[in-house]
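Trainee: Could we go through this one together, slowly?
Mentor: Sure, have a look at it and then ask away.

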Amino acid sequence: MLLTMGASVRRLAWISAAVAFASTAGAGGPGPRTKITVWASSPGTAAYGGLSYGGYAPTTGAMITEHREIEIGGAEVRLPGVAATLDPASVQLRDLTDPATTITEQRFVPGATTPTEIIRRHVGDTITVVTPKGDVTGTLRSIDEQALVLEIGTGDQRRLQVMRREGYVQDVRLPPGTGVDKPSLVWRVASKKPGTHTVELTYRADGMSWAADYLAVLDEAGTSIDFSAWATVRNATGATFESAELTLVSGGNAGPLALSFNPYGGPMRTAAAAAVPVRYAIATPVHLGAGQSVQVELVPARQKAKSRTVITYEAMPDPSPGFQAYPNTDCNQFNGVGMGNGRAEVAVEVDVPTKDALPEGRVRTFRRKGERLEIVSEDQLRSSTGLARIRLVPDPDVVGERKAVTCTYDERAHTVLEKIEVKIENKSKRAAEVVVREFAWRWPVWRLDSEDTKSARSGPQTLEYRAKVPAGGKKTLTYSVVYTW
Amino acid sequence: MVKQLALAALVVGVLGCGPRAARPTTAPAGDEITLYRDRAVIKQRVELVVPVADRATVTVTIAAGVQIEDVVVLDRGELTISELHGTSATVTPAKAAHDDDDDDDDGEVHGPALPPGPTGPTEVTFVVAAPHAGTFAVHLGYVTDRITWAAAYTMTTTAARERVTLRGAVAIHNTTGIALKARAYVVDAELGAWRGRIAEQLGSALAGMTRSTTPIATPRALGEVELGAGETRVELLPGEPPRPMRSVLVFDPVGTKLDHGGSAPIRDAMLGVERSAPTRVTESFEIPRRSASSEGLPAGPVRLLQRNADGGLSVLGEARLFEVATRVAEVDTVAIGTAEGVTGRRERRELTIDDDDRRLVEEFVLTIKNTRTVPVEVVLREHLYRGQNWTLAYQTARDPTKEGPQQISLRTTVPASSESKVLYVVVYTWP
């Protein structure tokens with residue numbers, strides 16, 4: 001009966017050559033050891049539904065590597081307490097005590113969730129049933145919602161007793177310490193060295209994710225800032241992990257599937273176009289309780305750092321999420337007609353000690369005013385290498401327009417060459433440092449052909465130009481971009 | 001007895017046998033609560049006693065319903081915080097009907113635990129590393145919707161009706177599951193709207209951007225308050241001396257019901273010009289505000305009471321004080337009835353919309369008819385309800401006064417057995 005309970009039966013004849021990150025899990029260091037790599041929560045639906053059309057799914061969940069002690073000698077080895085959301089096909093086992101150990105069969109037994117299911121896990125075990133006529137001890141043979149069957153007595157006295165659960169069965173006492181109700185991995189292994197073995201277990205599980213949260217506290221004048229970055233890790237795997245060495249991965253949403261295969265027959269992208277994932281190793285081991293959320297610091301905090309005020313200007317919202325599966329070759333789209341004045345916002349910037357852009361996440365901004373603490377804003381953080389930017393409020397004094405000066409679509413060469421002109425005007429009475437954010441939105445594979453002001457990349461398809469615009473002054477920026485596929 | 005951290009708990013087992021367990025001390029003053037219309041922001045100070053220079057764990061309770069990702073560490077002092085765990089404590093569920101001594105015959109198998117009951121305070125456990133043994137302070141910040149409040153006022157006068165004493169109180173209802181002792185402020189605005197204005201102020205200071213002239217709600221300090229479970233009342237105007245009052249007539253045919261808060265005006269030609277507009281003029285009392293003591297007072301109902309010669313109180317009238325619509329007014333008026341022999345009429349003379357120049361011009365004439373045998377002074381209260389961007393281009397009354405974002409008052413004196421007309425022109429613009 002045990003074999004029928006949702007187990008995924010696989011015949012495995014290997015000792016895993018573990019995946020890259022699992023291989024770093026150490027070659028048998030002393031004591032229990034757990035390493036968990038968690039991918040960031042997947043981004044929301046794109047404005048134009050691009051991600052859902054793109055045919056690829058971002059990496060999610062977690063890869064978990066645990067060191068466990070198991071006893072080899074009996075018919076089966078049972079390892080309880082693994083994640084309930086474990087992907088059975090991803091399980092890999094490495095015997096650190098006897099590398100010659102082979103696995104002949106593996107099953108994943110999900111955790112029991114109902115009383116009947118829990119008791120059913122003890123079919124074949126000796127249990128005690130409390131009834132109005134006294135305690136009955138015997139071997140559990142069968143159970144359903146209405147009745148249970150015990151085998152009692154020995155030899156000639158051996159018989160089956162069927163007991164009605166409602167009205168007759170008052171209590172069921174199960175054998176202690178078996179753990180069969182928990183999600184478990186069960187193996188049949190062949191080893192020439194019976195006894196206690198240390199094994200390295202690696203598997204992928206859903207239900208674990210993380211998201212970045214940032215905190216910015218400005219001083220009263222808004223010229224210095226305390227900035228900290230936190231990651232909130234949610235553990236809904238059903239398992240608890242003690243002293244886990246945590247690695248958090250963000251970005252890299254263009255997964256391997258996208259690089260090699262487009263199910264809708266569209267053009268394939270190259271590896272160069274894919275966003276590179278960024279890994280954050282958490283300095284100290286972390287307790288990840290089942291059902292808990294844990295916050296850990298993502299990068300070292302900055303105290304009283306000098307902040308800079310800039311005006312960000314976007315002529316349009318980023319259309320690129322809508323064009324990840326196919327390049328946009330329509331030269332009439334977003335070329336300046338009917339696009340309005342764009343959107344300018346006052347923002348503060350602070351340098352952060354990172355080599356990469358900080359992951360997406362919300363930033364809560366406070367300001368100290370006298371003794372009071374004021375909430376200023378809650379918004380998505382903007383970040384590029386070594387820089388965090390916090391938007392504060394729309395700025396009606398900076399306006400602009402964007403238009404395509406030329407746009408050439410070469411159907412045979414599979415290219416679009418586009419020359420863009422962005423004009424900005426500062427109507428304020430104060431000079432402004434304006435950060436013009438432009439998007440190479442037509443397709444993820446692109447290069448700059450020319451530009452009259454040096455740009456910086458703040459995202460896979462985002463360019464930023466900095467321009468000082470005097471009070472009442474204007475500034476024009478031009479650049480050319482080539483898309484290929 | 002209210003304590004800031006009533007449930008600071010030792011946690012030894014939560015993080016295994018790694019970090020040592022520390023404990024929070026009895027919290028001194030240092031908490032701060034800012035009450036907004038829809039939620040409250042709490043800055044909570046936690047003092048930790050770390051026995052040795054080592055990692056330590058400590059658990060504190062914060063308001064119920066707060067998720068760990070919504071807790072921010074505002075100030076960690078010398079401590080390094082490596083982990084923050086959050087769990088919602090649960091109230092022990094009521095015992096099941098069968099879960100008692102005589103349930104042996106019910107036939108139920110004793111299975112897994114009962115589902116959790118209502119959510120209790122949230123427990124936040126954090127692992128810290130200290131540079132040395134000692135006491136350290138950490139400030140946490142979070143937002144909760146489990147502290148609500150309402151303000152109410154009374155004005156008491158005598159039979160002479162020459163002076164009035166204003167009293168007010170805020171009733172604060174605390175269902176966070178924890179007791180708080182904190183420096184408190186009340187802000188008469190919703191948090192989202194208010195923080196938008198703070199961001200605008202900051203943006204203007206940093207970048208010189210143009211900012212709205214609409215007045216912003218001012219935080220009102222309530223002093224040190226102790227908020228236990230249930231309701232706590234805090235006096236708003238203790239020891240406020242009496243202020244003068246005088247009788248006036250008020251013509252306010254529209255009220256605030258049509259106010260549109262957008263920057264672009266509503267273009268509906270019929271807005272505010274219904275034929276059956278009320279002609280009622282109210283008999284009212286006018287009470288001047290004291291700017292120093294009135295600043296930041298939250299809006300609420302007011303009852304004007306008269307103490308009679310026999311010591312009893314009678315209600316003369318009711319109104320609302322310190323509404324957003326009257327945020328910059330210099331006087332408050334409380335209506336006590338309909339004025340006999342005086343009526344008003346409001347007519348629109350012109351409506352012009354100029355899309356090229358982005359202007360909407362509207363002209364009104366207010367006519368007050370006085371059949372009394374004595375002259376009367378009338379306050380004409382008008383609401384520029386089409387939008388937030390307006391200018392009073394022309395008016396014929398005396399003392400035009402802006403009382404709020406979309407409210408003005410004009411004054412006129414109508415001779416005995418006569419009528420008086422007041423004309424004004426408002427120009428709305430949009431970006």
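Mentor: This is a predicted model. Let's start with one residue pair: A:Ala404 has A:Ile420, in S26(A), as its bridge partner.

Trainee: What makes strand S25 and strand S26 of chain A a pair?

Mentor: Pairing takes at least two bridges between the strands. Twelve bridges join S25(A) to strand S26 (residues 415-426), so they count as paired, and they run antiparallel.

Trainee: Which sheet do they belong to, and in what order do its strands come?

Mentor: An open sheet of four strands in chain A, ordered S25-S26-S31-S28, with antiparallel pairing.

Trainee: Why are strand S25 and strand S28 of chain A said to stand at the edges?

Mentor: Each has a single partner strand, so one side of strand S25 (398-410) and one side of strand S28 (446-451) are left without a neighbour in the sheet. On average, neighbouring strands here are turned by 25 degrees against each other, direction ignored.

Trainee: How do you know that S3(A) and strand S11 of chain A are paired?

Mentor: Same kind of check. The cut-off is at least two bridges, and S3(A) has four of them to strand S11 (residues 184-190), so the two pair; they run antiparallel. A:Pro80, for one, stands opposite A:Ser184 in S11(A).

Trainee: What is the order of strands in that sheet?

Mentor: S3-S11-S5 in chain A, an open sheet of three strands with antiparallel pairing. Strand S3 (77-80) and strand S5 (102-109) each have a single partner strand, so these two stand at the edges. The average turn between neighbouring strands of this sheet is 20 degrees, direction ignored.

Trainee: Where is confidence lowest in chain A, and where is it highest?

Mentor: Helix H1 (residues 20-23) is lowest, with a mean pLDDT of 31, and strand S31 (residues 474-484) is highest, at 96. Chain A as a whole averages 83, with 84% of its residues scoring at least 70. Over residues 44-55 of chain A, pLDDT stays under 50, and the model has 27 contacts beyond four places in sequence for them.

Trainee: What makes a residue of chain A count as touching chain B?

Mentor: The C-beta atoms of the two residues have to lie within 7 Å. By that test, 46 residues of chain A are in contact with 42 residues of chain B. Strand S22 (residues 372-380) of chain A gives the largest share of chain A's side, six residues. That side divides into 19 nonpolar, 13 polar and 14 charged residues.

How values were computed
Residues are numbered from 1 along each chain as its sequence is written. Chains are lettered from A and ligands numbered from 1 in the order in which they are written. This is a predicted model: local features need pLDDT of at least 70, side-chain atom pairs count only at pLDDT 80 or more; totals for chains, interfaces and linings use all residues. pLDDT is the predictor's confidence in each residue, from 0 to 100. Axes are lines fitted to C-alpha atoms, for helices over the stretch in contact, and angles run from 0 to 180 degrees between N-to-C directions. Ala, Val, Leu, Ile, Met, Phe, Trp, Tyr, Cys and Pro count as nonpolar, Asp, Glu, Lys and Arg as charged, and the others, Gly among them, as polar.
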